Amino acid sequence: MSWVKLEDVAQISKIKEESNEKPVVIFKHSTSCSISGMAWNRVQRNWKATDNDKITPYYLDLLSYRALSNAIAEEFGVTHASPQVIVVKDGKAVYNNSHMGINYDEIVSLAE
């Protein structure tokens, strides 16, 4: 699984630009939370290599980059949660879900 690691606030601008070509998914993961681990594993198990052709996947280690997580929440107008998935299209958040509401089928359907 080849997810781009989010480690710098400058990547937010890149995500907004990329989302004009194809949607971008951001998975915010707390590595110390079992619910976050379950949600991340569910997405990983379902993710196909061909999904990267339709949607660009980004991964954020929330514990290492909390300030970046807050910047993402502010930039896209979503309330912070963990775990959390945000899908960005045309520079705007079009999907935002957290915990067990994170749904692989819903995420990839936004790329069609």
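**Exercise 1. Determine which residues of strand 2 lie on each face and whether those faces are covered or open.**

Step 1. On one side of strand 2 stand Val24, Ile26 and Lys28, and on the other Val25, Phe27 and His29; all are buried. Strands (E, at least two residues) and helices (H or I, at least four) are DSSP runs numbered from the N terminus. Buried means under 20% relative accessible area, exposed over 50%, and partly exposed in between, with a 1.4 Å probe and protein chains only.

Step 2. The two sets follow from a general rule. In a regular strand the side chains alternate between the two faces of the sheet.

Step 3. Strand 2 covers residues 24–29, and 6 of its 6 residues are buried, so the strand is largely enclosed by the rest of the structure.

Basis of the values: the model is predicted, so local features need pLDDT of at least 70 and side-chain atom pairs count only at pLDDT 80 or more, while totals for chains, interfaces and linings use all residues. Residues are numbered from 1 along each chain as its sequence is written, and side-chain values use heavy atoms, with hydrogens and water left out.

**Exercise 2. Establish the order of the strands in the sheet and identify the strands at the edges.**

Step 1. The sheet is open, has 5 strands in the order 1-3-2-4-5, and shows mixed pairing. Two strands pair if DSSP finds at least two bridges between them.

Step 2. Strand 1 and strand 5 (92–98) stand at the edges with a single partner strand each, so one side of each is left without a neighbour in the sheet.

Step 3. Strand 2 and strand 3 run parallel and are joined by 6 bridges. Strand 1 (residues 4–5) also pairs with strand 3 in the parallel sense, over 2 bridges.

Step 4. Individual partners place these strands in register. Val4 stands opposite Tyr58 of strand 3, and Lys5 has Tyr59 as its bridge partner. From strand 2, Phe27 is bridged to Tyr59 and His29 to Asp61.

**Exercise 3. Describe the surroundings of Tyr59 and of the strand that holds it.**

Step 1. Tyr59 belongs to strand 3 (residues 56–61). In strand 3, 6 of 6 residues are buried. Thr56, Tyr58 and Leu60 cover one side, and Pro57, Tyr59 and Asp61 the other, all of them buried.

Step 2. Tyr59 has a relative accessibility of 16% and therefore counts as buried.

Step 3. Apart from neighbours within four places in sequence, Tyr59 is in contact (heavy atoms within 4.5 Å) with Trp3, Val4, Lys5, Leu6, Phe27, His29, Thr31 and Trp40. Among these, Lys5 and Phe27 are also its bridge partners.

Step 4. Val87 stands 28 residues from Tyr59 in sequence, and the C-alpha atoms of the two are 12 Å apart.

**Exercise 4. Classify Ile35, Ser36 and Phe76 as buried or partly exposed.**

Step 1. Ile35 lies in helix 2 (residues 34–46). Its relative accessibility is 34%, so Ile35 counts as partly exposed.

Step 2. Ile35 forms a nonpolar surface patch with Met38 and Met100, with about 270 Å² of accessible area together. Patches are made of residues with over 30% relative accessible area and no salt bridge; like charges are joined within 9 Å and nonpolar side chains (Val, Leu, Ile, Met, Phe, Trp, Tyr) within 5 Å. A salt bridge is a side-chain nitrogen of Lys or Arg within 4 Å of a carboxyl oxygen of Asp or Glu. Accessible areas come from the Shrake-Rupley method with a 1.4 Å probe, and for residues only the protein chains shown count as cover.

Step 3. Ser36, also in helix 2, is buried, with a relative accessible area of 0%. Beyond residues up to four places away in sequence, Ser36 touches Phe27, Lys28, His29, Ser30, Ser82 and Pro83.

Step 4. Phe76 is found in helix 3 (residues 66–76) and is buried at 9% relative accessible area. Outside its neighbours within four places in sequence, its contacts include Ile12, Ile26 and Val88.

**Exercise 5. Characterise the chain as a whole.**

Step 1. The pattern along the sequence is β-α-β-α-β-α-β-β-α.

Step 2. Of the 112 residues, 46% are buried.
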